[in-house]
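Here are my notes for your review. Please read them with the model open.

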Amino acid sequence: VQPWTEAARPAATTEIVNMARALRPAAIAVGNGTGGRETEAFVREALHLAGLDDIAVCSVNEAGASIYSASELARAELPDLDVSVRGAVSIGRRLQDPLAELVKIEPKSIGVGQYQHDVDQSLLKRTLDEVVESCVNHVGVDLNTASPALLGYVAGVGPAVAVSIIAHREKSGGYERREQLLEVNGVGARTYEQAAGFLRIRSGAQPLDASAVHPERYELVERMARDLERPLAELIGNEEAVAAIDPDRYVSDDVGRPTVDDILAELRKPGRDPRDEVTPPAFRDDVNKPEDLQVGMKLDGVVTNVTAFGAFVDVGVHQDGLV
């Protein structure tokens, strides 16, 4: 890698533009490490001059990417690529699906928190794994695209069964129904019962497989559709149709009102992202290094770490400030 000079700008601009025209990406991810802000500005300018403003340029947190790129998992996933290229692939994947990529890195390696190496390591790992598992199960996992690392956090699955699920997927050409999991070596009725509600199949044979509705409640939802005299597929995502359902009509000895309410909420907005909307911070173009900062400035920023003695905030000058 040659050090950056202004003389290299024309050739670099040509290379970026040619790649963008050839590949037509929806977005370009730029790591937020050293030189990240400058690189992001350079790419934006190059695309603008070429009339390619429809391609988004996004800054991506690259914490832990170098650790992943040198890991055994990265070597297994990308055996023919250089370490630096593996890191770039990881940064791109983080833009596409952050959770699916971050689960490949030990939580303590992401560098959040204080004194992580000075506490009981088994307790730390167990606690952090529980947090990641909670996130994975809350969001749900696409059964036909998930990596073994992501599947391993699904309730009831674990690393060994995750590998078997992937092997069966590659052998069969993909899953069309959740119940096909029962054909996987190591997946019994108990595992299926635990995991099925957290696994999704997009555009499968059963529309409910793309939702958080558990298979044991499919019959109930199908009864709702029959009572409304609508096809099941027309019920999912149809606010008007779901609003016409009387929840109390479907309460029984083994299905309480809260369960019915949860099912109706999922039918209204299947696969809804449970996270709140977040407005990304607007970094100032004229603030790129500490020397650009002045007393009295008001800046947007991102809290990157919280410790006992304060919070570290990224305001766009690479070095995080301590509040």
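Which residue follows α11, and is its phi positive or negative? The points below start there. Keep in mind that this is a predicted model.

1. **The end of α11.** E229 follows α11. Its phi is positive, near 55°. A comparable entry exists for α9: just after that helix, G173 takes a positive phi of about 90°.

2. **The two sides of α11.** Helix α11 spans residues 218-227. Its buried residues are Y218, L220, V221, M224 and A225. They cover an arc of only 165° around the axis, which puts them on the same side of α11. E219 and R226 are exposed on the other side. The general rule is worth recalling: an α-helix has 3.6 residues a turn, so residues three or four places apart point the same way.

3. **What α11 packs against.** The partners of its buried residues are α12 (232-235) and α14 (257-268). Check both helices when you inspect the buried side of α11.

4. **Q206, ahead of α11.** Q206 sits in the loop between β4 (199-200) and α11. Is this loop residue buried or exposed? Q206 has 7% relative accessibility, so it counts as buried, the cut-off being under 20%. Leaving aside residues up to four places away in sequence, Q206 touches E176, R177, Y218, E222 and L232. One of these, Y218, is also among the buried residues of α11. A233 lies 27 residues from Q206 in sequence, yet the C-alpha to C-alpha separation is 8.8 Å.

5. **The length of α9.** Helix α9 covers residues 158-172, which is 15 residues. From first C-alpha to last it reaches 21 Å. That is close to the 21 Å expected at 1.5 Å a residue.

6. **The faces of α9.** G158, V161, A162, I165, I166, H168 and R169 are buried in α9. Seen down the axis, these residues fall within an arc of 165°, so they line one face of the helix. H168 and R169 deserve a look, since both are on the buried list. The other side of α9 carries the exposed residues P159, A160, E170 and K171. The buried residues of α9 pack against α8 (148-151).

7. **The sheet.** Three strands form an open sheet. Their order is β5-β6-β7, and the pairing is antiparallel. Which strands stand at the edges? They are β5 (302-307) and β7 (321-322). Each has a single partner strand, so one side of each is left without a neighbour in the sheet. β5 pairs with β6 (residues 310-314) over 5 bridges. Within this pairing, V302 has D314 in β6 as its bridge partner.

8. **The aromatic pair.** How many aromatic pairs does the structure hold? The count is 1. The pair joins F309 and F312 in an edge-to-face arrangement. The ring centres are 6.1 Å apart, and the planes meet at 90°. F312 has a relative accessible area of 25%, so it is partly exposed.

9. **Cysteines.** The count of disulfides is 0. C58 has 24% relative accessibility and therefore counts as partly exposed. C135, at 37%, also counts as partly exposed.

Conventions:
Residues are numbered from 1 along each chain as its sequence is written. This is a predicted model: local features need pLDDT of at least 70, side-chain atom pairs count only at pLDDT 80 or more; totals for chains, interfaces and linings use all residues. Side-chain values use heavy atoms; hydrogens and water are left out. Rings of Phe, Tyr and Trp (its six-membered ring) pair if their centres lie within 6.5 Å; planes under 30 degrees apart count as stacked, over 60 as edge-to-face and the rest as tilted. Buried means under 20% relative accessible area, exposed over 50%, partly exposed in between (1.4 Å probe, protein chains only). Two strands pair if DSSP finds at least two bridges between them. Helices (H or I, at least four residues) and strands (E, at least two) are DSSP runs, numbered from the N terminus. The arc is that of the directions from the helix axis to the C-beta atoms. Contact means heavy atoms within 4.5 Å. The expected span of a helix is 1.5 Å times one less than its number of residues. A disulfide is a pair of cysteine sulfur atoms within 2.5 Å.
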